[in-house]
Protein chains: 4
Amino acid sequence: MIIVLKEKVTENIARLQQLFADRKQVFVHKNRVALLAVEPSEIPADIRAAASEIITKTPAAVQASRLFHPEDTVIKTAHSVIGAGGLTLMAGPCSVESRAHILKMAAVAKKGGATVLRGGAFKPRTSPYSFQGLEEEGLQYLREAADQNGMDVITEVMDDEHVELVAKYTDIFQIGARNMQNFSLLKAVGKAQIPVALKRGMSATLDDLLNASEYIAAGGNQQIMLVERGIRTFANKYTRNTFDAAAIPVLQQLTHYPVIADPSHAVGHWDLVTPLAVTGVAAGAAGLLVEIHDDPEHALSDGPQALKPGKYLTMAQHAKEVHQVLAAWK
Amino acid sequence: MIIVLKEKVTENIARLQQLFADRKQVFVHKNRVALLAVEPSEIPADIRAAASEIITKTPAAVQASRLFHPEDTVIKTAHSVIGAGGLTLMAGPCSVESRAHILKMAAVAKKGGATVLRGGAFKPRTSPYSFQGLEEEGLQYLREAADQNGMDVITEVMDDEHVELVAKYTDIFQIGARNMQNFSLLKAVGKAQIPVALKRGMSATLDDLLNASEYIAAGGNQQIMLVERGIRTFANKYTRNTFDAAAIPVLQQLTHYPVIADPSHAVGHWDLVTPLAVTGVAAGAAGLLVEIHDDPEHALSDGPQALKPGKYLTMAQHAKEVHQVLAAWK
Amino acid sequence: MIIVLKEKVTENIARLQQLFADRKQVFVHKNRVALLAVEPSEIPADIRAAASEIITKTPAAVQASRLFHPEDTVIKTAHSVIGAGGLTLMAGPCSVESRAHILKMAAVAKKGGATVLRGGAFKPRTSPYSFQGLEEEGLQYLREAADQNGMDVITEVMDDEHVELVAKYTDIFQIGARNMQNFSLLKAVGKAQIPVALKRGMSATLDDLLNASEYIAAGGNQQIMLVERGIRTFANKYTRNTFDAAAIPVLQQLTHYPVIADPSHAVGHWDLVTPLAVTGVAAGAAGLLVEIHDDPEHALSDGPQALKPGKYLTMAQHAKEVHQVLAAWK
Amino acid sequence: MIIVLKEKVTENIARLQQLFADRKQVFVHKNRVALLAVEPSEIPADIRAAASEIITKTPAAVQASRLFHPEDTVIKTAHSVIGAGGLTLMAGPCSVESRAHILKMAAVAKKGGATVLRGGAFKPRTSPYSFQGLEEEGLQYLREAADQNGMDVITEVMDDEHVELVAKYTDIFQIGARNMQNFSLLKAVGKAQIPVALKRGMSATLDDLLNASEYIAAGGNQQIMLVERGIRTFANKYTRNTFDAAAIPVLQQLTHYPVIADPSHAVGHWDLVTPLAVTGVAAGAAGLLVEIHDDPEHALSDGPQALKPGKYLTMAQHAKEVHQVLAAWK
């Protein structure tokens, strides 16, 4: 249940908090109070009278819901503002491969307008015998490369034990698709004060994704962005996954968190990344997460889907042009 | 196998046709000859010498392939040019409901810039007890409404027996998703001289779609456009189907036929049609097929996904603006 | 709405039929009357009083529903009884390839206990350039081979124009997965007096399948069996489709029509056919539809999924043993 | 590459190990040596001569492969032998709810022939606000209930930090579907000396599943069983997931690890659990993992899919009868 108060807001919120102090889920946002374990009949008559609306049908992921939090969440980092109507570009190689390489790639990313540098130091690889990342050394190089270029860092954290370590280097945690329902990890980043980019699992419904985000929010961290990166379907010959473009406007209706499009993982082939990046922007994405590499044939991971620098600059230009058209409609 | 001739083109094509006159699949396009049931070793040495390239790995749907037909197919009807770089708008109600209604809807469609009027007279409904269409009467109204507004007609033909009847009224045959592999129907429209819009089946791979188109081409009709209208996946709560945006650029790589996006059937809810229409254009669609209705609550079919006139005009405007940005990149 | 009468059955049915003679969907089965286009308030009070139950929430495919027709449908042909608790074996090659071949295969099928001979004379092939079947000549051979062995014939009919022709030779019409929603074809076999085996489409939900069956029933033909043959999912590397074993007990709950399992098309590889056939029986299938071939490498269609005679006899034996175990539980 | 030695086995294995001591993946099983990072040309000629076969095309999950380990893996715990041709029954409630309840359920499980008691103490719930398990207290009750009945324990471990704790109480670790690619967790259980039941992720291909198992094997723990529990498809109205019965015989071909069927999660409704359990056995499962509850309406989790005691006893009886039929074929 969500009570939307029209008057005596401060007073009534205090009373509701006091009344239901023994219940577990009591959330307050401005003039709205969400009470998950409370029956409507338990609300005092005068508080009912002070409410403009009592929403009884609320989703489980209540903090993620626009019913509870109607305004867009805007996430501000040192160099980026995500979700305020602009287009945030996040780019970089799949893996941090070496100090020299990430420095080079950061300069390219920056040139295309990216304000966030991506790069994996802990890599979730399908096979245990594949390259698993440079770990802390990789994080150091990534931080250095971002700092040199006046950029933020986004990098994946793969388990709760590494949250503290990764937090020393990153501006945004990335939770990978395979870990979308790694609830221990979600709880751990929920306790951190660093924004989280939560990737949709390959077979996750949008409700699953929002419920996963609620694990983070329940820990106290509402600096969340959601990433559409393609789902697993029968259509897996020409594209690695199926980019679910409609998920972006649907999520924008359901939740206040910004939605980022990851065309690289969605399609898995560099020559489809630019049309899909543009498609993601057209669907209303607040940002793009794109893999770049100057020598994809020799990349340590995911080479086939990386854009070479020249292609990346074109992609960035095209994405911005389409974004400008959409921005003018608002 | 496709032989790409660089010299003595006319002469060598004539020889190849004569040599393999007893084989079934011999196709010629400009300087290219496709020979499906022929071994490379059967090609005379001097013809090999006259070839710039012999492509041995050819897809089953060879006439659909860009390897055989590198240039874009452009389809011209009385009022539309489809596939030449413009954006063709096809709009109208799901069903022809009455003469008055289709006349009214045609005027709306026209106002938004549509050059093709859609409307179903034979309706493939999930239940046999649902409205099945006005049949020939509906075709007459549809033709009249298009003519009054200087538009083309697109309408669905559901079985081979009706091809002749529908041909009297329509400018473009529509083959529905459920009939994508109704091979008798495909063969029948393959013998007609009227363009065909072939909708992708709900579980059709892109190869399935191209092979289905080949049934039409094999009959002699190469005036084909392909329609992406969403596929069936687990993500079916908030959208009726999953719009496979990446299918559009992939198809554009594989085939020379123009690709049309149908956002209405892909999402199934009017409030998602506009973002998905824009998304389809951003993915590179040559046209849009959109359902409109002035009173969706009382529509005889598919009301929930129909745009009201005002929303339709906005959608059309937005689609054109995004299309202009893409057009400038070429 | 379904009215279940406990008394004055004949009299009240007659009155209901008279009362709603102007409505379209009025169906009677024993003491049950289904009225699709009637409001509960339109039922006279005394008929309400004579009813033991009024079921207001009825599925669109009402004739297929157990709510309307609680007892199992049993289909009897010259040599088979389908749906009465036994296990009906239907076997034969994918295509009728020649007179000699189908005669040989029929003897094998019979030896394994099959009472129905399968074989395609009209083949729905993905590519127009693949073998399309022997057509009427194939039907003649198939009939002869079945008759020589005291068997029934099942064969696919691909369009409404061929229904009359195929009816001259077959005991059971097969509607292929690609044609499950070819409504013209469904209506045509609905008017015939020959049992129909309706295959589930690759992306058909169980409701879609039941609604498709309703097109046949609405025409007057209730001799319907449903065939589970695998659905299209992401799991398409080791098996052609995903056999949906649970569909069998679910369908048995929803409908009175017998359900047949087709393991050959579900898996697409002969070495998985036997375990899947046994699985289908364990799930409660009333019969099996299996492809056999003595020389699969040279089969004109679907060779990889055909069982050789020896493997087929083992499969048949195993299926019967598992069926006996299940039969003893009832 | 896998080298299958026919002679001088001990000597040649020692030489290969010495030769490639600097490489990362060198695995030995009896007379087979798998060398992942070695080129065929690096193998000395005399070792080649001593080999009966050199398999160059090896899957990434080489230790899981039958090419490397042809014989079935048999897992022995105090009370169970899994994978030796018998049928191992694992039953219990979804969650450990209280000491009294798990004691009662253990007795029921035992009565049906289960040798392994299941019960969750750490619960991966879709919503953070749902019951999350009794944690260590639950593990204590579960251990006590199993010991009282002479049974083994299987219980889920959700993150690497809990591996040590859970190891104190369990005989088999369960890795849930959502954690199938939680690589930190897989590495952690790979270092333990306790068997692991790895559940297939909802969108995991069989290769994904085998690669996930390889993370465990790579740590030194080859006591692995794989669990088919249904995949996510469009067919999600009548069943929670789609039970992929064919996965069982396919996995048996690819790997030596035993495969367990979990019909409860596959279907999600108790009235389908028994037919699906029987189906899983018919497909060749080495065991069943089934949820039971005496009062499903009030279960703290997954009540709808729990079998009541009487239904469970019938299911167990049916499963054993079908298993006996299959066992006789070997």
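The paragraphs below lead through a predicted model, from the domains of one chain to two of the contacts between chains. Because the model is predicted, local features need pLDDT of at least 70 and side-chain atom pairs count only at pLDDT 80 or more, while totals for chains, interfaces and linings use all residues; side-chain values use heavy atoms, with hydrogens and water left out. Residues are numbered from 1 along each chain as its sequence is written, and chains are lettered from A in the order in which they are written.

Chain A is a convenient place to begin. Its domain assignment gives domain 1 (2-55) and domain 2 (75-328), bounds that come from an automatic or database domain assignment. The centres of these two domains of chain A, taken over C-alpha atoms, are separated by 37 Å.

We turn next to the contact between chain B and chain A. To this contact, which means heavy atoms within 4.5 Å, chain B gives 39 residues and chain A gives 39 residues. Together the two chains bury about 3000 Å², of which 73% lies on carbon and sulfur atoms; buried area here is the accessible area (1.4 Å probe) that two parts lose on being put together, summed over both. Of the area that chain B buries against chain A, B:Phe234, B:Tyr238 and B:Trp329 supply 23%, more than any other three residues.

Polar links also cross this interface. There are two salt bridges between chain B and chain A, a salt bridge being a side-chain nitrogen of Lys or Arg within 4 Å of a carboxyl oxygen of Asp or Glu. B:Asp207 forms a salt bridge with A:Lys237, and the closest N and O atoms of that pair are 2.6 Å apart. Eight residue pairs, both at pLDDT 80 or more, are in polar contact between the chains; the term denotes a pair of N or O atoms within 3.5 Å, where within protein one must be able to donate a hydrogen and the other to accept it, and residues adjacent in sequence count only if both atoms are side-chain atoms.

On the side of chain B that touches chain A, at least two residues each come from α7 (206-218), α8 (247-254), α10 (270-282) and α11 (309-328) of chain B, helices being DSSP runs (H or I, at least four residues) numbered from the N terminus. The largest share, seven residues, comes from α10(B). By residue type, this side of chain B divides into 24 nonpolar, eight polar and seven charged, with Ala, Val, Leu, Ile, Met, Phe, Trp, Tyr, Cys and Pro counted as nonpolar, Asp, Glu, Lys and Arg as charged, and the others, Gly among them, as polar.

How are the two copies arranged? A rotation of 180 degrees with 0.0 Å of shift along its axis superposes chain B on chain A, with an RMSD of 0.0 Å, the fit being by least squares on the C-alpha atoms of residues with pLDDT of at least 70 in both. The copies are therefore related as by a two-fold rotation axis. Among the residues of chain B, B:Thr279 comes closest to this axis, its C-alpha lying at 2.6 Å. Because 100% of the interface residues of chain B are also interface residues in chain A, the copies meet through the same surface.

The contact between chain D and chain B takes four residues from chain D and four residues from chain B, and the two chains bury about 320 Å² between them, 63% of it on carbon and sulfur atoms. D:Arg232, D:Phe234 and D:Asn236 lose the most area to chain B, together 94% of what the chain D side buries. Across this interface there are zero salt bridges.
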